[in-house]
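Biologist: I am new to this structure. Please pick one part and take me through it closely.

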There are 2 protein chains.
Amino acid sequence: MPVYLPATVGMPLAEVDTPCLILDLDAFERNLQRLKQSLAGRSVMVRPHAKSHKCPQIALRQIELGAVGVCCQKVSEAEVLVQGGVRDVLITNEIVGAPKLRRLAALARRAQVAVCADNAENISALDAAARESGVTLDVLVEIDVGANRCGVEPGAPALELAQKIAASGNLRFAGLQAYQGSAQHLRQVGERRAAIEAAAAHVRRTTALLDKAGIACGKVTGAGTGTYVFEAASAVYDEIQPGSYIFMDADYARNDWTESGIPRFEHSLFVWTTVMSRPSPDRAIVDAGLKASSIDSGMPRVAAQDGVEYVKASDEHGVLQLNGAPGYAVGDKLRLIPGHCDPTVNLYDQYVCIRNDRVEAMWLITARGALL
Amino acid sequence: MPVYLPATVGMPLAEVDTPCLILDLDAFERNLQRLKQSLAGRSVMVRPHAKSHKCPQIALRQIELGAVGVCCQKVSEAEVLVQGGVRDVLITNEIVGAPKLRRLAALARRAQVAVCADNAENISALDAAARESGVTLDVLVEIDVGANRCGVEPGAPALELAQKIAASGNLRFAGLQAYQGSAQHLRQVGERRAAIEAAAAHVRRTTALLDKAGIACGKVTGAGTGTYVFEAASAVYDEIQPGSYIFMDADYARNDWTESGIPRFEHSLFVWTTVMSRPSPDRAIVDAGLKASSIDSGMPRVAAQDGVEYVKASDEHGVLQLNGAPGYAVGDKLRLIPGHCDPTVNLYDQYVCIRNDRVEAMWLITARGALL
C-alpha cells in the first residue's frame, strides 16, 4: 500500500489527487435500491458478486438491504470478506490444490462457506480437506449452461457429480451453479432473454434428473447484471448473483436495456484524472493509463458528455481527442467511466467515496490482488 | 497486501501456489548481461526504466551493472525507489498539481531527482515548489519526436521552454527527454531504425538551436528495448532508457530482431498458473485471467511450445485451446508469458524468484499501485 493517499475525509473533490477511484455514494445507493425495487414481488434470493468490489464494507451494505450473503471467486477473497464481517460466502468457482483447500476448509469453521465443483477428483480432494478440518462443506455442482468456461455438462454428468458429493462423508450437495456468463454482454435484450431461456432449460433437465434420483437440489444459483430478471422470472433459479449493477461500467452501458425489466443503473464508479499535457489543440493527455483503468472491454469513457473521446491508453497516460470541446487545460481534473469495473477496481487500494463533491469516506479494497 | 504468500524461500516451484508472478533468475541475469554486452564500445549511459519492474532490488542490480540510475513515471514510484536505496532517479514524465510537486521537491533533498516539463505554467509551478523546499530541481524539456503523446514540438518551442527553465531561480535546465514510444513495437527492424533516425533529426535540430542560444544541453535521454541500439548509435543520445529487456514479454517477442544489433532477450517473467477445470477434451481452464495478466497488448502465451493457445481471458479465468496437446490435467501447473509485462507486474505484490526450479528469493514489488 503506497504511503500517500489521494484524499482525506472532508476534502473537496477538486482537491483529491489523481489518478484515483471515486465512488459517487448517491448514485451507488440509488443502484442498490434499484436492484431491490426491480425484484419486488419475486421470491428469488439475492447474493451479489463481491468480485466486482472486493470490499467488505460494500458487501455488508448489500446484506443490510436484504442480500443473503455474497459470492466471490477466490479463497483469499472469501477470507477477506469473512474477516470483514460477512457470514455467508459462496465461492462460485472451482478451488484446486492442497494449500487452498486447507484454507477453504478452515474458513468453513468460521462462516457459512460453499464452493463449486465440476470434477470427480476435485470432489475427493474437497472431501479429504473437509474431513481433515472436521467440517462439513457445502458443494454445488457447476454446470455449463452456455458460457463455455468451467462447469460439467448439464444432465447425467451433473447428476453423477451430485451423487458423488452426496456420498462423500464430509460434503453436502448444496445445489447447482448455473451462470451464463456469455449472455451478460449480448447487446440486444432478446438475445440475452433467449440465452437465459436456454440456460434455464439445461437447469430444468438437470433438476428433473436429480429429483428422479432422489437427490435434493438445495438451490439453483447464477445470473449477472445483464440478465438477472430473466433468471428471476424463470421459476428455476432460486438465487441471483449480480455484481456490476452497483458501479455500471462503459461496457455494460452499451447493452440495450429497453423493456428488459432491468433498470438503468447509473455510473457510480469513476477514475478521477488530471490533464497533464496539452501537446496540440485537439489532444489532451491525462494521467490515467493502463495501470489506472483496464481496457480489456474497451477504452474508458469521458463522463462529461461533451464529445471528448479517450482514444488511446499507454501504461501511465491516456490520450483524449477533444473534437473541438473547450477547456481541458493542464491541471484540470475530470471523471472517466471505466470500460470494465472489475479489473479496474483491482488496480486500487481504496475507494474515495464522495457525496456532493466532498469526500465522505475512504473504503479499503481489502481484497485487491487477492489471487490465491 | 494479502495475508497468504504464494511461496516461501527454498520451496520447489511445483509447490508454489497460483496464480503468481515468477522470475527466472538465470534468464533475468543473462538479460542484464546481454544489454551490457550489446553496448560494448558505446559511450552511452544506461538508465533503465523502473516502471517495468517497480522494485528497488531490481533497480539496485541494474545500477551495480553500470546503470547511472533509473527512470520512473510517478513521484510515488520515485519515492519508493529512493527509499529502497536508489540515489539517482529521472521522472520521464510531467508532474502536475501542488501535492505532487511538494513531494517531488522534498524528494530532491534526499536524492538526485530530475523531472520533465512540456508546458510554461508547469515550469513556473516547478520553480515555486523547488523554492519553497529550498532545492534546485533538474528539469528536462520533453520533446515529441514522433510518439504523439506528451512533449512540446522540437525546435523553437523547446528552446523557449529551456530558456524559461534556465531563467528560473530554483530550476536547472538538464537536457532533453526524447522518447519515441511509438517506434518500440514497429515489427520490422527497418521501420524502427527509420523512426529513430527521424527522432534523432528532431533532437539535432533542437540541440543546434540551444547551442546557438548559448544554452548548455546537459544530456539527451530516451529510447526503449525495441530501439535502444539505434539511439546509442545516433551520436545525439547520451543516455538510453530500456525497461522491458529484463523480462521480455510476448508483445516485444513479436518484433523482428534480425541483424538489429539488439540481442534476443529471453522471457524471464512468467505467470504461474494451475489448470482448474477440463470441461472438454480440447479445452482447459486456468486460474489466471484478467486480474493476473494484462491483455492490453494481446493474450498471454503458453510457455511450453506445444501448440496450446491461451485464447480467452475473463476476470479470474483463462481458456486454453489444447489443439491436441496431451496433459493439462486438473491440478497441473504451467507458465504463461505475459502479453505485456509492465501492467501485469502492477497486479502483483511480489516476484517469486526461482533458480533451478526452486524459490531462491521473494522480491517485493514495492511500487505496485504507485499511481500518485
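What rotation, and what shift along its axis, superposes chain A on chain B? Please start there, and then look closely at where chain A touches chain B.

Modeller: This is a predicted model, in which local features need pLDDT of at least 70 and side-chain atom pairs count only at pLDDT 80 or more, while totals for chains, interfaces and linings use all residues. Residues are numbered from 1 along each chain as its sequence is written, chains are lettered from A and ligands numbered from 1 in the order in which they are written, and side-chain values use heavy atoms, leaving out hydrogens and water.

Now the rotation. Turning by 180 degrees, with 0.0 Å of shift along the axis, superposes chain A on chain B, at an RMSD of 0.0 Å. The two copies are thus related as by a two-fold rotation axis. The superposition is by least squares on the C-alpha atoms of residues with pLDDT of at least 70 in both copies.

Next, the interface. Here 57 residues of chain A are in contact with 57 residues of chain B; contact means heavy atoms within 4.5 Å. Of the interface residues of chain A, 100% are also interface residues in chain B, so the copies meet through the same surface. Together the chains bury about 4,900 Å², with 54% of it on carbon and sulfur atoms. In chain A, Arg149(A), Lys291(A) and Leu371(A) lose the most area to chain B, together 14% of what that side buries. Buried area is the accessible area (1.4 Å probe) that two parts lose on being put together, summed over both.

Charge plays across this boundary too. Eight salt bridges are found across the interface, where a salt bridge is a side-chain nitrogen of Lys or Arg within 4 Å of a carboxyl oxygen of Asp or Glu. Asp17(A) forms a salt bridge with Lys100(B), the closest N and O atoms lying 2.8 Å apart. Polar contacts join 26 residue pairs across the interface, both residues at pLDDT 80 or more. Six elements of chain A each supply at least two residues to the side that touches chain B: helix H3 (75-83), strand E4 (88-94), helix H4 (98-107), strand E10 (269-280), strand E11 (283-286) and helix H10 (341-345). E10(A) gives the most, with five residues. By class, this side of chain A has 22 nonpolar, 14 polar and 21 charged residues. A polar contact is a pair of N or O atoms within 3.5 Å; within protein, one must be able to donate a hydrogen and the other to accept it, and residues adjacent in sequence count only if both atoms are side-chain atoms. Helices (H or I, at least four residues) and strands (E, at least two) are DSSP runs, numbered from the N terminus. Ala, Val, Leu, Ile, Met, Phe, Trp, Tyr, Cys and Pro count as nonpolar, Asp, Glu, Lys and Arg as charged, and the others, Gly among them, as polar.

Helix H10 has a counterpart to look at in chain B. Asp342(B) and Lys51(B) meet in a salt bridge, 2.9 Å from N to O. Asp342(B) lies in helix H10 (residues 341-345) of chain B and Lys51(B) in the loop between strand E2 (45-46) and helix H2 (56-64), so the pair ties together parts 291 residues apart in sequence. Both Asp342(B) and Lys51(B) are buried; buried means under 20% relative accessible area, exposed over 50%, and partly exposed in between (1.4 Å probe, protein chains only).
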